[in-house]
Amino acid sequence: MTARVIADLAHEVRSKNAGPFWVTLEIFARDADGYATVADPGFLDESVIASLYGVPDPRTIQVFRIPELNVVKISFPRPVTQGSLLDRDVHAGQHHVPLALMPLSSSRSSPR
Amino acid sequence: MTTTDAVRILVPTGMLGGGFPPETVTRGLELGADVIAVDGGSTDSGPYYLGAGIAKTARAAVARDLRLLLRAAASAGIPLIIGSCGTSGTDSGVEWVAGITREILAEEDLSLRVATIYSSQKAADLAGLPIRPLPPAGPLDAATLESCENIVGMMGHEPIVAALAAGADVVLAGRATDTAVAAAYPLMKGMPAGPAWHAAKIVECGGQCTTNPRAGGVLATIDADGFTIEPLDPAAACTPTSVAAHMLYETVNPFTMREPAGTIEVGDAVYTALDPRRVRVTGSRFEVADQHTIKLEGARITGYQTMSFTAVRDPHILGQIETWAALLRKMITEWVSNTLALGPADYDFDIRLYGYDAILEKLDPSPVPPREVGVMLLVQAPTQETATAVAKVANPLMLHLPTPDMDYLPSLAFATSPAETERGAAYEFVLNHVVEVDSPTSLFRIDLEGLQ
């Protein structure tokens with residue numbers, strides 16, 4: 001299978017609250033090659049995450065690249081207050097999907 | 001007094017009430033556990049549990065876990081430490097776990113000395129203290145503190161150590177950092193801070209740092225140079241990757257972590273496999289802070305909610321579900337204005353299309369035409385009565401609203417009768433601040449009265 005999206009390179013892409021005020025996303029790449037792709041700042045950086053997740057200020061986004069684990073970890077302030085009327089994902093457990101389905105061909109995809 | 005070379009921490013599960021095989025504890029005691037530590041809390045499930053002061057876990061589940069742990073602690077003569085009792089660590093949560101504990105001790109005829117540590121805070125007491133925001137929060141005013149239903153301070157290891165030093169066999173702590181619960185005993189026994197805190201972080205979720213997170217707990221052995229970690233299920237394994245990866249879990253920054261007394265620094269830590277099941281970790285550091293800080297958590301009521309839920313299977317409506325939902329929003333607003341004379345400032349509501357884009361909404365990369373869609377109406381208002389009135393006004397629309405091009409009224413699929421479910425108070429976390437304190441125990445009240 002030809003890799004098309006980030007999930008194709010990963011053992012797991014996951015998301016979770018990091019306390020009530022932050023979301024954290026993690027890409028566990030299958031191997032060093034997959035890691036090299038997703039860790040490339042030319043492919044995935046703060047501005048890409050900002051557009052993918054509607055984060056108003058890219059400077060609040062933190063990206064950690066961890067080659068020992070083939071992991072890229074991304075944290076940013078929760079755009080919607082946890083448990084509020086407009087929060088549809090209390091644990092932020094399904095917010096990995098936009099990242100997992102991000103096409104590998106283009107780093108500047110934008111949400112519909 | 002003999003010198004302690006190593007301290008073995010048994011962590012049976014990530015959360016008291018989460019369950020674990022009894023063999024987990026048996027195995028841990030066989031391996032020479034010196035202390036049992038387990039976390040009883042979390043903010044992960046949202047602000048309700050802190051705001052209402054009610055536990056997320058079922059009483060029977062907590063009692064089941066507690067019974068096994070109290071028996072184990074008594075039989076081995078080692079302390080049992082439980083942190084963030086009752087999910088949020090409010091005084092009501094500590095009382096709840098203490099009540100269950102007393103019942104079990106009586107039933108099992110165990111004579112363990114129980115200490116309780118209370119972490120609830122009064123707004124008036126905090127108002128005069130130096131309080132700083134943590135990102136992304138802003139400065140704190142007295143009115144915000146006053147608006148909270150419950151406020152707790154997150155203790156470090158010091159109040160727990162104080163309770164143990166006073167002779168407690170069982171420590172039931174209010175809100176504590178996840179790590180303090182496991183770090184307290186090794187620190188008390190003179191183990192170095194770097195390995196003690198790093199090990200505490202790794203074990204705080206029980207088996208999460210193993211290859212089979214559902215198989216039960218872990219045992220960490222802390223000594224002068226580092227720590228060793230192994231799973232308590234013989235079929236599970238700790239690998240350098242599974243252990244190192246746990247630093248990512250529910251953390252913003254995987255390399256540094258602030259505790260009340262300082263910062264855990266694991267950027268230089270080395271993870272080595274001792275054998276296929278055990279991992280040795282060295283190079284962990286703990287940087288003592290210039291200023292001791294206690295993190296505050298607080299939740300306030302934002303309103304009262306009523307929920308209603310219908311569902312659409314009609315392909316014609318599903319073919320233009322966004323148009324239909326937009327019309328529903330518009331019509332609810334108009335009908336509520338006409339019948340209840342309420343404007344946008346008087347109430348709020350959300351329409352969620354489950355099965356279509358309810359979870360990610362506009363962030364969803366691939367909305368596809370669904371086969372059926374659940375339509376949730378969630379109303380929030382200053383009173384329960386108003387929220388329910390709005391939901392009742394919306395009811396005929398949720399039953400019969402056509403798309404603009406339909407010349408007949410469809411009937412949609414309500415899931416329940418009555419259609420409205422009153423959810424009671426809705427809460428939000430409002431504090432993301434730390435208070436600077438001179439003493440690590442000053443905000444916490446240790447009750448040794450139960451000690452016989």
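**Chain B against chain A.** I looked up the contacts first: 44 residues of chain B touch 40 residues of chain A, contact being heavy atoms within 4.5 Å. This is a predicted model, where local features need pLDDT of at least 70, side-chain atom pairs count only at pLDDT 80 or more, and totals for chains, interfaces and linings use all residues. Residues are numbered from 1 along each chain as its sequence is written, and chains are lettered from A in the order in which they are written.

I then checked the buried area (accessible area, 1.4 Å probe, that two parts lose on being put together, summed over both). Chains B and A bury about 3,500 Å² between them, with 61% from carbon and sulfur atoms. B:Leu248, B:Val252 and B:Leu363 give 20% of what chain B buries against chain A, more than any other three residues.

**Helix pair in chain B.** I pulled up α8 (178-188) and α9 (193-203); their axes come within 8 Å and cross at roughly 145°. Helices here are DSSP runs (H or I, at least four residues), strands likewise (E, at least two), numbered from the N terminus. Axes are lines fitted to C-alpha atoms over the stretch in contact, with angles from 0 to 180 degrees between N-to-C directions. Among the residues that meet are B:Ala183 and B:Leu187 from α8(B), and B:Trp197 and B:Lys201 from α9(B).

**Which chain A strands help line the second largest pocket?** I found β1 (10-17) and β2 (22-29) of chain A, along with α10 (240-245) of chain B, each supplying at least two lining residues. A pocket is an open set of 1 Å grid points, over the protein atoms alone, where a 1.4 Å probe fits, with protein on both sides within 12 Å along at least five of seven lines; lining residues have an atom within 4 Å of a point.

Notes
Heavy atoms only, no water.
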